[in-house]
Amino acid sequence: MTAIPGDQDPSTLQLICDNCGRTMLLDPPSAHWWSLWEQALIAGWQGFNRRVGPHTCAHCVDGG
Ligand SMILES: [Zn+2]
């Protein structure tokens, strides 16, 4: 999956897990991909460091 515009504000980005569809966005929401990805890594996400992914959330990483 890819990072897509946020539901509430199309100018922001949210990250979507390719496996389960879980989303992550910054608080406050941001359109800065690298800020989002940096926080995602801290939160345990793995994947390719580009918006196009693939990306896997921490839950799915733990679950194998
Ligand atoms: Zn997931």
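# Exercises on a predicted model

Of the 64 residues in the protein chain, 20% count as buried. The model you are looking at is a predicted one. Take the exercises below at your own pace.

## Exercise 1: The overall layout

Find out how many helices and strands the protein chain has, and in what order its elements run.

*Solution.* Start by counting: the protein chain has two helices and five strands. Next, walk along from the N terminus, and the elements read β-β-β-α-β-β-α. Then look at the extent of the fold: along the principal axes, the C-alpha atoms fill a box of roughly 35 × 20 × 20 Å. Finally, compare with a rule for globules: a compact globule with 64 residues would have a radius of gyration near 11 Å, and the protein chain agrees because its own value is 11 Å.

## Exercise 2: The sheet

Work out the order of the strands in the open sheet and say which of them are edge strands.

*Solution.* Begin with the order: three strands form an open sheet, β1-β2-β3, with antiparallel pairing. The edge strands are β1 (4–5) and β3 (23–24), each of which pairs on one side only.

Now take the pairs in turn. Two bridges join β1 to β2, which covers residues 13–16. Here Ile4 stands opposite Gln14, and Pro5 stands opposite Leu13. On the other side, β2 and β3 are also antiparallel and pair over two bridges, with Leu15 opposite Met24.

Last, trace the link between β2 and β3: they form a hairpin with six residues between them, and Gly21 in the turn has a positive phi of about 85°.

## Exercise 3: Two faces of a strand

Decide which residues of β2 lie on its covered face and which on its uncovered face.

*Solution.* A general point helps first: in a regular strand, side chains alternate between the two faces of the sheet. In β2, Leu13 and Leu15 make up the covered face, while Gln14 and Ile16 are on the uncovered one.

## Exercise 4: Helix α1 and the core

Which residues of α1 are buried, and what do they pack against?

*Solution.* First, pick out the buried residues of α1: Leu36, Trp37 and Ala40. Looking down the axis of α1, you will see these buried residues within an arc of 95°, so they line one face of the helix. They pack against β2 and β3. Now turn to the face pointing away from the buried side, where the exposed residues Trp34, Ser35 and Ile42 sit. After α1 comes Gly44, with a positive phi near 105°.

Then place the helix in the largest nonpolar core, which has 11 residues in all, including Leu13, Leu15, Leu36, Trp37 and Ala40. Both β2 and α1 (33–42) give two or more residues to this core, and the largest share, three residues, comes from α1. Cys17 also belongs to this core; leaving aside neighbours within four places in sequence, Cys17 is in contact with Arg22, His55, Thr56, Cys57 and Cys60.

## Exercise 5: A residue in a loop

Is Ser30 buried, exposed or partly exposed?

*Solution.* Locate Ser30 in the loop between β3 and α1. Ser30 has 18 C-beta neighbours inside 10 Å, and therefore counts as partly exposed. Not counting residues up to four places away in sequence, Ser30 touches Thr12, Leu13, Ser35 and Leu36. To finish, find Asp9: it is 21 residues from Ser30 along the chain, and their C-alpha atoms are separated by 9.4 Å.

Notes. Residues are numbered from 1 along each chain as its sequence is written. This is a predicted model: local features need pLDDT of at least 70, side-chain atom pairs count only at pLDDT 80 or more; totals for chains, interfaces and linings use all residues. Two strands pair if DSSP finds at least two bridges between them. Helices (H or I, at least four residues) and strands (E, at least two) are DSSP runs, numbered from the N terminus. A nonpolar core is a set of buried Ala, Val, Leu, Ile, Met, Phe, Trp, Tyr and Cys residues joined through C-beta atoms within 7 Å. A residue is buried if 20 or more other C-beta atoms lie within 10 Å of its own, exposed if 12 or fewer, and partly exposed in between; C-beta atoms are placed from the backbone. Two residues are in contact if their C-beta atoms, placed from the backbone, lie within 7 Å. The radius of gyration is taken over C-alpha atoms; the globule rule is 2.2 Å times the number of residues to the power 0.38. The arc is that of the directions from the helix axis to the C-beta atoms.
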